[in-house]
Amino acid sequence: MADGTILIVEDEVKIANILKAYLVKAGYKVGCLDRGDAVVPFVRQNQPALILLDIMLPGADGIEVCREIRKFSDIPIIMITARVEEIDRLVGLEMGADDYVCKPFSPREVVARVKAVLRRYGSPRTDKASDAGEVCLIEDTHQVFAAGNELKLTPCEYNLLKTFLGRPDRIFSRNELISVVQGYDFDGYDRTIDSHVKNLRKKIAKYLPHREIISTVYGFGYKFNSQANRKSEMKD
Ligand code: CA
């Protein structure tokens, strides 16, 4: 789970130092990176609480980095942009950033945004899915319930379900799902994903036998059916 660190990704040392000073003063632990291509490995290892992500970076640009992170994590991301014109691009892209600040910014404002995004994030995003249906995932405790019964999931199955619930009805390719479970017991063959999904389905189906909660989309991958998950009021 998140260790409370705010990760600043900014190649302009002066700006990074100012942000760091203000965030430390506000009581946060802070880590800094100055290259885009260092972010994904860092996030996989350290699970920071939030990322302040500059767009123009050496190695990989912030937009690309944000997209990569969204394949496996819903960690809050605030983009830092140097140009107002970029904001339209950011909003239009829908690449999953939670907020953005425009340079030049006041460090106080950035700290306020960080606080606001973390507050919003305090309730897991999967709450919506859990309110709507019968499959419910509680991030704080790593618990998963199907029709009110707690499921015992492997870390791999848990992360797959978390990914599905984060974006209901979106089709995830096997490659995307592989990046979700990497670091657990993944052995490198994309068909291994099939058996993890099969096991996850079996565990859910024990309590919700007549619902197709996770569908196979032939030639593409898998998706979580929000409709199937919402039929809680119907009798089987
Ligand atoms: Ca920059």
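Okay, strands S10 and S11: they run antiparallel to each other and pair over 4 bridges. This is a predicted model, by the way, so keep that in mind throughout. The two strands make a hairpin with 3 residues between them, and in the turn Gly219 has a positive phi of about 85°. If you want a pair to look at on screen, take Val217, whose bridge partner in S11 is Gly221.

Now add strand S9. S9 pairs with strand S11, residues 221-224, again in the antiparallel sense, over 2 bridges. Phe172 has Tyr222 as its bridge partner there. Put together, that gives an open sheet of 3 strands in the order S9-S11-S10. The edges are S9 (172-173) and S10 (214-217), each pairing on one side only.

While we're around S9, have a look at the loop leading into it. Asp169 sits in the loop between H7 and S9. Asp169 has a positive phi of about 70°, and it is not a glycine. Its relative accessible area is 36%, so Asp169 counts as partly exposed.

There's another residue like that elsewhere in the chain. Gln47, also not a glycine, has a positive phi of about 45°. You'll find Gln47 in the loop between helix H2 (39-46) and S3. Gln47 is partly exposed too, at 40% relative accessibility.

And one more backbone detail: the peptide bond joining Lys103 and Pro104 is cis, with omega at about -5°. Pro104 is in the loop between strand S5 (99-102) and helix H5 (107-121).

Let me zoom out for a second. The protein has 236 residues, and 47% of them count as buried. In secondary structure we have 10 helices and 11 strands. Of the contacts with a separation of 6 or more, 59% are between residues 24 or more positions apart. The accessible surface is about 12,400 Å², with 51% of that belonging to carbon and sulfur atoms.

So what's inside? In soluble globular proteins, nonpolar side chains tend to be buried together. Here the largest nonpolar core has 46 residues, and those with the most contacts inside it include Val39, Ile51, Leu53, Leu161 and Ile204. Helix H7, residues 155-166, gives the largest share, 6 residues. Where does this core lie relative to domain 1 and domain 2? Domain 1 (5-121) and domain 2 (129-230) both contribute residues, so the core lies between them.

Leu161 is a good one to click on. Setting aside neighbours within four places in sequence, Leu161 is in contact with Val135, Leu137, Val144, Leu153, Leu200, Ile204 and Phe224. There's another core lying apart from the big one, with 18 residues, among them Ala16, Tyr28, Val30 and Phe105.

Next, strand S4, residues 77-81. Why do we call S4 largely enclosed by the rest of the structure? Because 5 of its 5 residues are buried. Both faces are covered, with Ile77, Met79 and Thr81 buried on one side and Ile78 and Ile80 buried on the other. S4 pairs with strand S3, residues 50-54, in the parallel sense over 4 bridges. In that pairing, Leu53 stands opposite Met79.

Leu53 also takes us to helix H3, residues 62-70, where Val65 is placed. Not counting residues up to four places away in sequence, Val65 touches Gly36, Val39, Leu53 and Ala60. With just 3% relative accessibility, Val65 counts as buried. Its C-alpha is 9.9 Å from that of Asp54, which is 11 residues away along the chain.

And Asp54 brings me to the metal. Which protein residues are donors to the calcium ion? They're Asp11 and Asp54, each through OD, and Met56 through O, at 2.1 to 2.3 Å from the ion. The spacing in sequence is D-x42-D-x1-M. Is Asp54 buried or exposed? Asp54 is buried, with a relative accessible area of 2%. Met56, on the other hand, is exposed at 52%.

Last stop, Lys25, in helix H1, residues 13-25. Lys25 is exposed, with a relative accessible area of 74%. Between Lys25 and Val111 there are 9.8 Å from C-alpha to C-alpha, although they're 86 residues apart in sequence. Okay, that's my tour.

Technical notes: Residues are numbered from 1 along each chain as its sequence is written. This is a predicted model: local features need pLDDT of at least 70, side-chain atom pairs count only at pLDDT 80 or more; totals for chains, interfaces and linings use all residues. Side-chain values use heavy atoms; hydrogens and water are left out. Buried means under 20% relative accessible area, exposed over 50%, partly exposed in between (1.4 Å probe, protein chains only). Contact means heavy atoms within 4.5 Å. Accessible areas come from the Shrake-Rupley method with a 1.4 Å probe; for residues, only the protein chains shown count as cover. A nonpolar core is a set of buried Ala, Val, Leu, Ile, Met, Phe, Trp, Tyr and Cys residues joined through side-chain atoms within 4.5 Å. Domain bounds come from an automatic or database domain assignment. Donors are N, O and S atoms within 2.8 Å of the metal (3.2 Å for Na, K and Ca); water is not among the atoms, so sites may look incomplete. Two strands pair if DSSP finds at least two bridges between them.
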